[in-house]
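Me: I have a structure open on my screen and would like to understand the words people use for it. Could you take me through the reasoning, one term at a time?

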Amino acid sequence: PAALLEIAGSGDAIRVESTNTGAAGAQLDLLHFTASPADEDVNGLINFGGYYTGTTSAYATQIKSVWTDVSEIHGRLEFYTKDNTTLTNVLTLDHEKNATFARNVYLNNAASAVLTIGDTSETDSTSFWTNNGDTFYIQQDVAGAKMQVETDSFVVKKVGASENIAIFTADAAVKLYYNAASKFETTDTGADINGTLTLDTLAYGSSTDTRLEWGMNTFSIIN
C-alpha cells in the first residue's frame with residue numbers, strides 16, 4: 001500500500017537508541033492529530049504480516065489504539081489475530097483496567113502457574129492454582145474470610161459430567177450422592193436418608209435437659 005515513508009531492505013529497518021540518563025528511554029509516538037476527534041477513532045495502529053505465498057502479502061496480527069470516550073480522554077487497546085481471512089479481536093484492555101479475552105485463557109505450566117485476583121502486595125487476594133496437575137486449590141489470603149457463591153442452582157459433578165456428586169438448589173433440596181446414587185436429601189421438614197445411617201452416639205434432647213443417648217452398645221437416660 002502507498003505510504004508517506006517506506007523503508008525496504010534487509011536487516012533492521014528502524015532502530016531507535018536513547019542516551020538519556022535515568023529512567024527515560026527510547027520513545028515511539030503514534031499520534032492522531034485531527035480537527036474533529038470522535039469516539040471510536042483509531043488513534044494508533046500497528047500491523048504485522050508479510051508474504052504468505054512468496055508473492056502475496058497479508059496482515060497476520062494487529063494492535064489498535066481507540067478512543068472509547070474522546071471527551072474524557074478514555075482509550076482502549078485492542079489486539080487482533082487473523083484466522084484465514086479475518087482479523088478478529090482477541091484481547092481488549094480498557095481505561096478501567098479491565099482485560100477482556102475473546103476465548104480461553106491458559107496457564108501452561110500447571111505445576112507452578114498461579115492466577116491471583118486482588119492486590120498481591122496486600123492480604124486481600126484470592127489465588128487459583130494446581131499442584132502437579134492433580135489437585136486444584138482456591139486460597140483466600142484473608143484470615144477468617146469466607147467464600148460466597150451466589151446462584152439458584154449449584155451442581156458438583158464427576159469429571160465428564162457423567163455423575164452427580166452434590167446438588168444445591170435455592171429454596172429446595174440439597175442432595176448428596178454416593179457413586180451416582182442419591183443418599184441424603186434435605187426437605188422442608190428435615191432430611192431423608194436413602195440407606196443406612198451409622199452413628200457413634202445419638203442424643204435426643206438438649207445438654208441441659210433430660211435426654212436419651214444411644215451408643216454402639218449402650219443406652220442411657222441422662223438427667
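**From values to words**

Reply: Happy to. Let's start with one residue pair: Lys64 stands opposite Glu78 in β3. Please keep in mind that this is a predicted model.

Me: What makes β2 and β3 a pair of strands?

Reply: Two strands pair if there are at least two bridges between them. β2 and β3 have 8 bridges, in the antiparallel sense, so they meet that cut-off. They also form a hairpin, with 4 residues between the two strands.

Me: How do you know that β4 and β5 pair, and which residue stands opposite Leu91?

Reply: The reasoning is the one used above. Strand β4 (residues 86-93) is joined to β5 by 3 bridges, and the requirement is at least two, so they count as paired. They run antiparallel, and Leu91 stands opposite Phe101 in β5.

Me: And how many bridges are there between β1 and β2?

Reply: There are 9 bridges, again antiparallel. One of the residue pairs is Phe48 with its bridge partner Thr61 in β2. The hairpin of β1 and β2 has 5 residues between the strands, and Gly54 there takes a positive phi near 105 degrees.

Me: Why are β1 and β5 said to stand at the edges?

Reply: The sheet is open and has 5 strands in the order β1-β2-β3-β4-β5, with antiparallel pairing. β1 (42-51) and β5 (99-101) each have a single partner strand, so one side of each is left without a neighbour in the sheet. On average, neighbouring strands of this sheet are turned by 25 degrees against each other, direction ignored.

Me: What makes the phi of Ile73 worth pointing out?

Reply: Most residues other than glycine have a negative phi. Ile73 has a positive value, near 55 degrees. This residue is found in the loop between β2 (57-69) and β3 (74-83).

Me: Is Ile73 buried or exposed, and how do you know?

Reply: Its relative accessible area is 64%. Exposed means over 50%, so Ile73 is called exposed.

Me: Why is Glu40 called partly exposed instead?

Reply: Glu40 has a relative accessible area of 45%. Buried means under 20% and exposed over 50%, so a value in between is partly exposed. Glu40 also has a positive phi, near 75 degrees, and its place is in the segment before β1.

Me: Why are Phe154 and Phe168 called an aromatic pair, and why tilted?

Reply: A pair of aromatic rings is described by the distance of the centres and the angle of the planes. For Phe154 and Phe168 the values are 6.0 Å centre to centre and 45 degrees between the planes. The centres must lie within 6.5 Å, so these rings pair; stacked needs under 30 degrees and edge-to-face over 60, so tilted is the word that remains. A search of the whole structure finds 1 aromatic pair.

Me: What does that pair tie together, and how accessible are Phe154 and Phe168?

Reply: Phe154 lies in strand β9 (residues 153-157) and Phe168 in strand β10 (residues 164-169), so the pair ties together parts that are 14 residues apart in sequence. Phe154 has a relative accessible area of 37% and Phe168 has 35%. Both values fall between 20% and 50%, so both residues count as partly exposed.

Me: Last one: what kinds of residues line the largest pocket?

Reply: By class, the lining has 11 nonpolar, no polar and 1 charged residues. Of its 12 lining residues, Leu5, Ile7, Ala13, Ile14 and Leu28 lie nearest the centre; Ala, Leu and Ile count as nonpolar, so these five belong to that class. The pocket holds about 510 Å³ of space.

Conventions: Residues are numbered from 1 along each chain as its sequence is written. This is a predicted model: local features need pLDDT of at least 70, side-chain atom pairs count only at pLDDT 80 or more; totals for chains, interfaces and linings use all residues. Side-chain values use heavy atoms; hydrogens and water are left out. Axes are lines fitted to C-alpha atoms, for helices over the stretch in contact, and angles run from 0 to 180 degrees between N-to-C directions. On a 1 Å grid over the protein atoms alone, a cavity is a set of points where a 1.4 Å probe fits but cannot get out, and a pocket is an open set with protein on both sides within 12 Å along at least five of seven lines; lining residues have an atom within 4 Å of a point. Grid points are joined across faces, edges and corners, and a volume is the space filled by probe spheres set on the points. Buried means under 20% relative accessible area, exposed over 50%, partly exposed in between (1.4 Å probe, protein chains only).
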